[in-house]
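Grab a pencil and work through these exercises with the model open beside you. Try each task yourself before you read the solution.

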Amino acid sequence: MAMDDIREKAWIGDAVLALWARGRILQQPDIRPEDRTEVFVAMTSNRFLAALGDPTRMEARIGEVYEQEGLHAAFAWMDANLFPVFQRQWNNLRKRHPGSRR
């Protein structure tokens, strides 16, 4: 896939990722409303995506799944591939900084 194609898919994937992250955050009863922005940034950052691969390519993969199989499939893909990694990272961060709001 050409880099321009990857960037276009990533553009779509970024939007789908943001929608998924906001929905996931609202489903987590332990995340206080005042902490939602911090968690959202952590879930959608290039730093987080880099734990799984090149961030642009990760977003492009999300965009591909969305375009080929729809929103439900893209959310399922992120539930299976992103959320477990995010939970581990977030839990480790909270263990290292127990006094913080995290």
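**Exercise 1: The fold**

What pattern does the chain follow when you read along the sequence?

Solution. Keep in mind that you're looking at a predicted model.
- Step 1: go along the sequence and you get α-α-α-α-α-α.
- Step 2: put that into a count, and the chain has six helices and zero strands.

**Exercise 2: The overall form**

Work out how the radius of gyration of the chain fits with that of a compact globule.

Solution.
- Step 1: take the rule for a compact globule, 2.2 Å times the number of residues to the power 0.38.
- Step 2: put in 102 residues, and the rule gives a value near 13 Å.
- Step 3: the chain itself has 14 Å, which agrees with the globule value.
- Step 4: for another view, fit a box along the principal axes; the C-alpha atoms fill roughly 45 × 25 × 20 Å.

**Exercise 3: Inside, outside and contacts**

Describe the burial, the surface and the contacts of the chain.

Solution.
- Step 1: a residue is buried if its relative accessible area is under 20%. Of the 102 residues, 35% count as buried.
- Step 2: turn to the surface, where the chain exposes about 6,400 Å². Carbon and sulfur atoms supply 51% of that area.
- Step 3: take the contacts between residues at least 6 apart in sequence; 66% of them join residues at least 24 apart.

**Exercise 4: Charges**

How far apart are the mean positions of the positive and negative charges?

Solution.
- Step 1: count the charges, and you find 15 positive and 14 negative ones.
- Step 2: compare the two mean positions, which are 10 Å apart.

**Exercise 5: A bridge between two helices**

Which parts of the chain does the salt bridge of lysine 9 and glutamate 67 tie together?

Solution.
- Step 1: check the distance. The side chains of lysine 9 and glutamate 67 meet at 2.5 Å, N to O, and the cut-off for a salt bridge is 4 Å.
- Step 2: find the two places. Lysine 9 is in helix H1 (residues 3–27) and glutamate 67 is in helix H4, so the bridge ties together parts 58 residues apart in sequence.
- Step 3: look at the accessibility. Lysine 9 has 22% and glutamate 67 has 43%, so both count as partly exposed.

**Exercise 6: Other salt bridges**

How many salt bridges are there in total?

Solution.
- Step 1: the count comes to six.
- Step 2: one of them joins arginine 32 and aspartate 35 at 3.0 Å, N to O. Aspartate 35 is buried because its relative accessibility is 5%, while arginine 32, at 36%, is partly exposed. Arg32 and Asp35 also belong to a salt-bridge network with Glu34.
- Step 3: another joins glutamate 64 and arginine 61 at 3.5 Å, N to O. These two both sit in helix H4, three residues apart, which is about one turn of the helix. Glutamate 64 has 18% relative accessibility, so it counts as buried; arginine 61 has 31% and is partly exposed.

**Exercise 7: Two arginines**

Is arginine 57 buried, partly exposed or exposed?

Solution.
- Step 1: locate arginine 57 in helix H4 (residues 55–69).
- Step 2: its relative accessibility is 48%, so arginine 57 counts as partly exposed.
- Step 3: arginine 7 is 50 residues away along the chain, yet the C-alpha atoms of arginine 57 and arginine 7 are separated by 8.1 Å.

Notes
Residues numbered from 1 in each chain as written. Predicted model: local features only at pLDDT ≥ 70, side-chain atom pairs only at ≥ 80, totals over all residues. Heavy atoms only, no water. Helix = DSSP H or I, 4+ residues; strand = E, 2+ residues; numbered from the N terminus. Buried < 20%, exposed > 50% of the residue type's maximum accessible area, 1.4 Å probe, protein only. Contact = heavy atoms within 4.5 Å. Areas by Shrake-Rupley, 256 points an atom, 1.4 Å probe, with all protein chains shown as cover. Lys, Arg positive; Asp, Glu negative; His and termini not counted. Charge placed at Lys NZ, Arg CZ, Asp CG, Glu CD.
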